[in-house]
Amino acid sequence: MNPDIERVPTGIPELDAILRGGLIRQRVHLIEGRPGTGKTTLGLRYLIHAASLDQRCLYVTLSESREELLATANSHGWSLDGIAIEEIMPLPPDTASAQTILLPTDTELSALVSRIADTIGASGAVHVVIDSMVEVRLLARDSAHYRRQIIDLRQRLSALGATVMMLDDLTADGREYELQSAVHGVVTLEQLERSFGAARRRMRVVKLRGGDFQSGWHDYAIKKSEILVFPSLIAQEHRRDDDALDIASNVANLDRLVGGALTAGSSTMIVGPSGVGKSTVALQYALSAVQSGCHVGYFSFDESESTLRSRMVEHMHQDSASDEQRRFHLRRINPSRISPGEFIWNVRRIVEDRGARLIIIDCINSYLDVIREEKSLLLQMNELFSYLSNMNVTSIIIGAHSARLDTSKEPDALSIITDNIVSLRYYEHDNVVYKAICALKRRDGRHEHDVRELRLTDAGIEIGERIGVPVDEVGVANLET
């Protein structure tokens with residue numbers, strides 16, 4: 001990597017982070033993707049940011065009209081003041097009417113390339129967007145012809161000193177890479193439809209000639225007034241070296257059962273059937289952390305905010321606190337409207353912006369629905385656990401299941417990479433259903449092996465005596481006499 005290369009911000013800070021500072025100045029970059037992936041929006045955002053710095057900007061449109069561009073900007077609440085817009089027809093009107101059967105000639109393509117370069121040169125713009133290259137490709141008789149003209153255009157634009165974004169729709173029959181190979185940098189945008197819920201958008205940097213970048217796919221979202229990019233998590237790039245803080249539940253019998261306070265940076269999985277009290281146990285740790293002055297992030301995929309607030313959250317005295325004073329940060333996550341990258345980015349914001357010491361995910365079964373198409377639960381969660389551990393953040397993951405642990409299936413497979421496992425279950429005695437709790441694993445120390453009664457009362461959690469009766473195969477102790 002050349003340290004003397006200058007970078008140009010795109011106006012999207014997280015995209016600049018992926019690009020290690022932004023686009024390379026005075027180079028030609030390709031933004032490619034199918035229609036609807038947000039190429040025009042990204043191009044406009046780039047120019048709007050540059051115009052805000054009083055730098056000369058130009059949008060060359062070969063397909064959309066000025067009115068359509070203004071409408072797109074208006075839909076985001078953006079103003080295009082300070083941005084020149086030039087409409088260039090791929091073929092002059094007289095040529096278009098004259099050629100109805102013959103294929104386009106070399107002269108026509110060369111003339112279009114010259115008009116684009118001359119227009120940019122006359123404008124004096126230092127930031128340029130050309131939309132879209134598919135219109136240029138239609139005038140080329142073959143890929144070699146197209147590549148020669150693109151290289152000529154690239155050289156002319158570089159000589160003008162402009163930093164250029166070329167947009168391409170990828171609508172040609174048969175994928176060809178002559179445009180990718182001819183430019184300095186390539187960013188690919190992709191939109192994936194899901195069986196239910198919002199489409200998922202993601203991007204990756206294919207190349208950045210002479211510059212460093214973060215490889216891999218990164219989720220992004222287009223909001224009304226902004227493009228939000230969520231860089232994929234690299235745990236080893238993050239570390240917090242302040243004092244580690246172990247987190248106890250402040251329920252003596254529970255702390256004794258699991259082998260003491262949860263070690264800072266450790267991960268704990270609480271598993272059990274629906275309604276057995278998993279969330280309540282997790283909230284007990286959250287309450288203890290808040291009372292000790294720590295920030296806690298609670299990400300709920302299943303329960304509404306009002307349901308959680310009707311339980312133990314009211315004991316945290318957060319309703320009367322201002323946003324700056326609040327220590328319990330409850331985030332309701334809709335699994336049908338969020339991408340894996342956006343979820344992890346939300347976790348990072350609570351950790352890095354609020355200094356959270358405890359993160360709770362409730363429950364992992366619903367998070368599976370977010371990333372099921374990738375089949376990469378263990379990889380993503382392992383990276384998240386590593387990140388939280390590096391940041392001295394304790395994590396609690398809640399998983400629902402109705403039978404004993406089966407690590408060959410999700411979400412139980414996640415228990416392999418967690419440090420601690422706490423299991424909750426039901427058992428029956430005299431035709432009454434009770435709850436039980438036990439610790440199955442503690443990686444950094446010893447824990448009790450007893451199965452104890454769990455009682456959820458108005459006063460909080462109570463851990464009773466050892467049940468002392470064997471548990472059958474489905475995890476239900478039969479105490480009938």
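## Exercises on a predicted model

At 53% relative accessibility, D353 counts as exposed, and this residue returns in the first exercise below, which, like the others, works on a predicted model.

**Exercise 1. Determine which salt bridges R349 forms in helix α12, and how the partners are placed along the helix and toward the surface.**

Step 1. Begin with the pairs: the side chains of R349 and D353 meet in a salt bridge with an N to O distance of 2.8 Å, and those of E352 and R349 meet in another at 3.1 Å.

Step 2. Turn next to the spacing in sequence. R349 and D353 are four residues apart in helix α12, so about one helical turn separates them; E352 and R349, three residues apart in that helix, are likewise separated by about one helical turn.

Step 3. Now consider accessibility, for which buried means under 20% relative accessible area and exposed means over 50%. With 23%, R349 is partly exposed, and E352, with 32%, is also partly exposed, whereas D353 at 53% counts as exposed.

Step 4. Finally, place the pairs in their wider setting: R348, R349, E352 and D353 are linked in a network of salt bridges, and a search of the whole structure finds 19 salt bridges. Side chains of opposite charge can pair when their charged atoms come close.

**Exercise 2. For the salt bridge between E453 and R455, decide whether each residue is buried or partly exposed.**

Step 1. The side chains of E453 and R455 meet at 3.2 Å, N to O.

Step 2. E453 has a relative accessibility of 18%, and because buried means under 20%, E453 counts as buried.

Step 3. R455, at 33% relative accessibility, counts as partly exposed.

**Exercise 3. Describe the order of the nine-stranded open sheet, identify its edges, and state which helices pack on it.**

Step 1. The strands follow the order β14-β13-β15-β16-β12-β17-β18-β19-β20, and their pairing is mixed.

Step 2. At the edges stand β14 (328-332) and β20 (460-466), each of which has a single partner strand, so one side of each is left without a neighbour in the sheet. From one strand to the next, the twist averages 25°.

Step 3. At the β14 edge, five bridges join that strand to β13 (residues 296-300), and the two run parallel; F299 stands opposite R331 in β14.

Step 4. Helix α10 (residues 278-291) packs on the sheet and touches several strands, including β12, β16 and β20, with its direction at about 165° to that of β16. Helix α12 (residues 340-354), which carries the salt bridges between R349 and its partners E352 and D353, packs on the sheet as well, touching β13, β14 and β15, and its direction makes about 165° with that of β13.

**Exercise 4. Characterise the largest nonpolar core and the contacts of V229.**

Step 1. The largest nonpolar core has 35 residues, and those with the most contacts inside it are L42, Y59, I83, M203 and V229. Helix α2 (residues 39-52) supplies the largest share of this core, seven residues.

Step 2. Once its neighbours within four places in sequence are left aside, V229 is in contact with I12, E14, L15, I18, M203, D219 and Y220.

Step 3. A second, separate core of 32 residues includes I270, L358, L424 and I461. In soluble globular proteins, nonpolar side chains tend to be buried together.

Notes: Residues are numbered from 1 along each chain as its sequence is written. This is a predicted model: local features need pLDDT of at least 70, side-chain atom pairs count only at pLDDT 80 or more; totals for chains, interfaces and linings use all residues. Side-chain values use heavy atoms; hydrogens and water are left out. Two strands pair if DSSP finds at least two bridges between them. Axes are lines fitted to C-alpha atoms, for helices over the stretch in contact, and angles run from 0 to 180 degrees between N-to-C directions. Contact means heavy atoms within 4.5 Å. A salt bridge is a side-chain nitrogen of Lys or Arg within 4 Å of a carboxyl oxygen of Asp or Glu. Buried means under 20% relative accessible area, exposed over 50%, partly exposed in between (1.4 Å probe, protein chains only). A nonpolar core is a set of buried Ala, Val, Leu, Ile, Met, Phe, Trp, Tyr and Cys residues joined through side-chain atoms within 4.5 Å.
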